[in-house]
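Subject: Structure handover

Dear colleague,

Here is the structure I promised to pass on. My notes on it follow below.

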Amino acid sequence: MKLKEDFITQEIDDTRFLVPVGAEAFRGIVRINKAAAFMVDCLKEETTEEAIVAKMCEKYDAPQAVLAADVREILDTLRSIHALEE
């Protein structure tokens, strides 16, 4: 899976946003926290859910089950706005 080219990230005053720049299905701006921004950065290249969880485990000091649930939730949100190529 990969972030669609129709979506870019933008940082304004230490806040990251996911912005559609050509997306037909979603019109809006999504403010993302640092963990979600890290995930979106992972999704700029072809990857898997498992690979993202592994990278999150390397970066954050949290139980793998918690990180996996967070990854799943963010991926579901990205799917709901049609931001992923799968």
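A salt bridge is taken here as a side-chain nitrogen of Lys or Arg within 4 Å of a carboxyl oxygen of Asp or Glu. By that rule the side chains of Asp41 and Lys44 are paired, with 3.4 Å from N to O. Please keep in mind throughout that the model is predicted.

Overall build

The protein has 3 helices and 5 strands. Read from the N terminus, the order of elements is β-β-β-β-α-α-α-β. The radius of gyration is 13 Å, close to the 12 Å given by the globule rule for 86 residues, so the protein is as compact as a globular protein of that length. The C-alpha trace extends over about 35 × 30 × 20 Å along the principal axes. Of the 86 residues, 33% are buried.

Salt bridges

The count comes to 5 salt bridges. Three of them are described here, starting with the other bridge of Asp41.

Asp41 also forms a salt bridge with Arg16, where the closest N and O atoms are 2.9 Å apart. This pair links distant parts of the chain: Asp41 belongs to helix H1 (residues 34-42) and Arg16 to strand E3 (residues 15-20), with their positions 25 residues apart in the numbering. How far are the partners covered? Burial is set at under 20% relative accessible area. Arg16 has a relative accessible area of 18% and is therefore buried. Asp41, with 34%, is partly exposed, and Lys44 is partly exposed with a relative accessibility of 39%.

The third pair is Asp76 and Arg79, whose closest N and O atoms are 3.3 Å apart. Both residues are in helix H3 (residues 64-80), and because they are 3 residues apart there, about one helical turn separates them. Asp76 counts as partly exposed at 42% relative accessibility, and Arg79 counts as partly exposed at 29%. As for shared partners, salt bridges join Arg16, Asp41 and Lys44 into one network.

Helix H1

Two further residues of helix H1 are worth a look in the viewer. Is Lys34, a residue of helix H1, buried or exposed? Lys34 has 71% relative accessibility and so counts as exposed. Its C-alpha atom is 8.4 Å from that of Thr15, although Lys34 and Thr15 are 19 residues apart in sequence.

Ala36 is also found in helix H1. With a relative accessible area of 5%, Ala36 is buried. Between the C-alpha atoms of Ala36 and Asp76 the separation is 12 Å, and along the chain these two residues are 40 residues apart. Asp76 is the residue that forms the salt bridge with Arg79 described above.

Surface charge

Which residues gather in a patch of negative charge on the surface? They are Glu5, Asp6, Glu46 and Glu85. A residue enters such a patch with over 30% relative accessible area and no salt bridge. Glu85 has a relative accessible area of 39%, so it is partly exposed. In the chain, Glu85 is part of strand E5 (residues 84-85).

Backbone

Most residues other than glycine have a negative phi. Two residues in this model depart from that sign. Asp14 is not a glycine, yet has a positive phi of about 65 degrees. Asp14 sits in the loop between strand E2 (7-12) and E3. Its relative accessible area is 71%, so Asp14 is exposed.

His82 likewise has a positive phi, of about 60 degrees, and is not a glycine. The loop between H3 and E5 holds His82. At 42% relative accessibility, His82 counts as partly exposed.

In short

The places to open first are the network of Arg16, Asp41 and Lys44, the negative patch of Glu5, Asp6, Glu46 and Glu85, and the positive phi values at Asp14 and His82.

Regards

Terms used. Residues are numbered from 1 along each chain as its sequence is written. This is a predicted model: local features need pLDDT of at least 70, side-chain atom pairs count only at pLDDT 80 or more; totals for chains, interfaces and linings use all residues. Side-chain values use heavy atoms; hydrogens and water are left out. Patches are made of residues with over 30% relative accessible area and no salt bridge: like charges are joined within 9 Å, nonpolar side chains (Val, Leu, Ile, Met, Phe, Trp, Tyr) within 5 Å. Accessible areas come from the Shrake-Rupley method with a 1.4 Å probe; for residues, only the protein chains shown count as cover. Lys and Arg count as positive and Asp and Glu as negative; His and the chain ends are not counted. The place of a charge is taken as NZ of Lys, CZ of Arg, CG of Asp or CD of Glu. Helices (H or I, at least four residues) and strands (E, at least two) are DSSP runs, numbered from the N terminus. Buried means under 20% relative accessible area, exposed over 50%, partly exposed in between (1.4 Å probe, protein chains only). The radius of gyration is taken over C-alpha atoms; the globule rule is 2.2 Å times the number of residues to the power 0.38.
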